[in-house]
Structures are given as C-alpha cells and as structure tokens.
Amino acid sequence: MTDAPWWGTALLAGLFGLGGVAVAQAIAIRLERARNRREDQRRWHAERRHVYANFLAAAYALYRHIRSSPRDGAYALRWRELVDDLTVRHQEVHLLASTPVAGAAQALLAELREFADAAKKQPDENHEALRDSLSQARMHFISLARAELDVAEPGGSFTLRNF
C-alpha cells in the first residue's frame, strides 16, 4: 500500500475549502439579487401609490375649485395653477401606470373637463348627472389602481359622494 504524499491532504482540504467558499459566494449573490429585486418592487409600488394619490388629490382640488370659487381674476389664476398641477400629475401617472390605470386616469380627466365646461356655461346649475359621471370615473380609477397595487377594498361604506 502506498501512502499519499504529505502535501496531498493539505491540497485536498484547500480545494474543498475553496469550493465551499465559491458555493457560499454564489448563494450570497443569489440572495442579494433576490433581496434587491424585492426592494425595487417595493419602491416602485410605493412610488405608484404616491403618484396615484397625488393625481386624485389634484383632480379633486380642481373639482372643488370649479364648485366653490367665484369667477374673478383670482379664480382664473388659481385655475391655471390647478390645471398645471393636474397636468404634471397626469403625466406621472402615464409614466408609471399600467395601460388600464392610465386609461382610467384619462377618462377621469375627460369627465372633469366636461364638468368644468358645463359649470363655465351654466355656473348656477347643479349638474347632478355630470357629477355622478365624474364620481363613477373616479371610483373606476381607484378600483383599477387598487387592483394594480394589490390593495384590498376598504371595509365599510366609505365613499365620497360627487367625486
């Protein structure tokens, strides 16, 4: 029986050690990539939620302005500010949203525009049908955004009547 050279055991142990380090590094890299993907998804999810909420807030601010402000010089100035803000928020939605949510945002803007035109032509009119249509467009946007964000519908009967 021949004996193995004295350095063979050390070489074999070293190779197993290097192999173990390589396997551990590969696993660590894979886990890091998975963690980074989860963090990216979470970040994009939070960003979309923020963008959608800001879009709804900007649309609601314009709606309230149409409903409650007297038509004077300050009205026109504030109108321009609100429209500009809503335009920026709408572009953010288009940048981040899925096609159904972006379409619902566009439909909400169309309803808001129709309501604004009617309120401008007949400021003393209630425009109940247009307000209901606007509210439905808002709820459709919210429903699609919740579905995209995987957010459960809230319990109870909380709704904002007329937008």
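This passage describes a buried histidine, one helix and its surroundings, and the salt bridges of a predicted model.

The histidine H65 belongs to helix α1, which covers residues 6–68. With a relative accessibility of 7%, H65 falls under the 20% limit and therefore counts as buried. Its side chain comes to 3.1 Å from the backbone oxygen of Y75. When residues up to four places away in sequence are set aside, the contacts of H65 are with Y75, R78, W79 and L82.

Helix α3 spans residues 99–121, a run of 23 residues, and extends 33 Å from its first C-alpha to its last, which is close to the 33 Å expected at 1.5 Å a residue. Buried positions in α3 include the alanines A102, A104, A105, A116, A118 and A119, and among the others are V101, L108, L109, L112 and F115, together with the glutamate E111. The cover over the buried residues of α3 includes α1, α2 (73–96) and α4 (128–149).

Eight salt bridges are present in the structure. In one of them, E148 pairs with R48, and the closest N and O atoms are 3.2 Å apart. Because E148 lies in helix α4 and R48 in helix α1, this pair ties together parts that are 100 residues apart in sequence. The two partners differ in their burial class, since E148, at 22% relative accessibility, counts as partly exposed, whereas R48, at 18%, counts as buried.

Two further salt bridges lie within helix α2. The side chains of E81 and R78 meet at 3.3 Å, N to O, and these two residues of α2 are three residues apart, about one turn of the helix. Both are partly exposed, with relative accessibilities of 42% for E81 and 39% for R78; R78 is also one of the residues that H65 touches. The second bridge joins D84 to R80, with 2.9 Å between the closest N and O atoms, and here the partners in α2 are four residues apart, again about one turn of the helix. An α-helix has 3.6 residues a turn, so residues three or four places apart point the same way. Relative accessibilities of 39% for D84 and 43% for R80 place each of these residues in the partly exposed class. Elsewhere, salt bridges that share partners join E32, R35 and E39 into one network.

Technical notes. Residues numbered from 1 in each chain as written. Predicted model: local features only at pLDDT ≥ 70, side-chain atom pairs only at ≥ 80, totals over all residues. Heavy atoms only, no water. Buried < 20%, exposed > 50% of the residue type's maximum accessible area, 1.4 Å probe, protein only. Polar contact = N/O pair within 3.5 Å; in protein donor to acceptor, adjacent residues only side chain to side chain. Contact = heavy atoms within 4.5 Å. Expected span 1.5 Å × (residues − 1). Salt bridge = Lys/Arg side-chain N within 4 Å of Asp/Glu carboxyl O.
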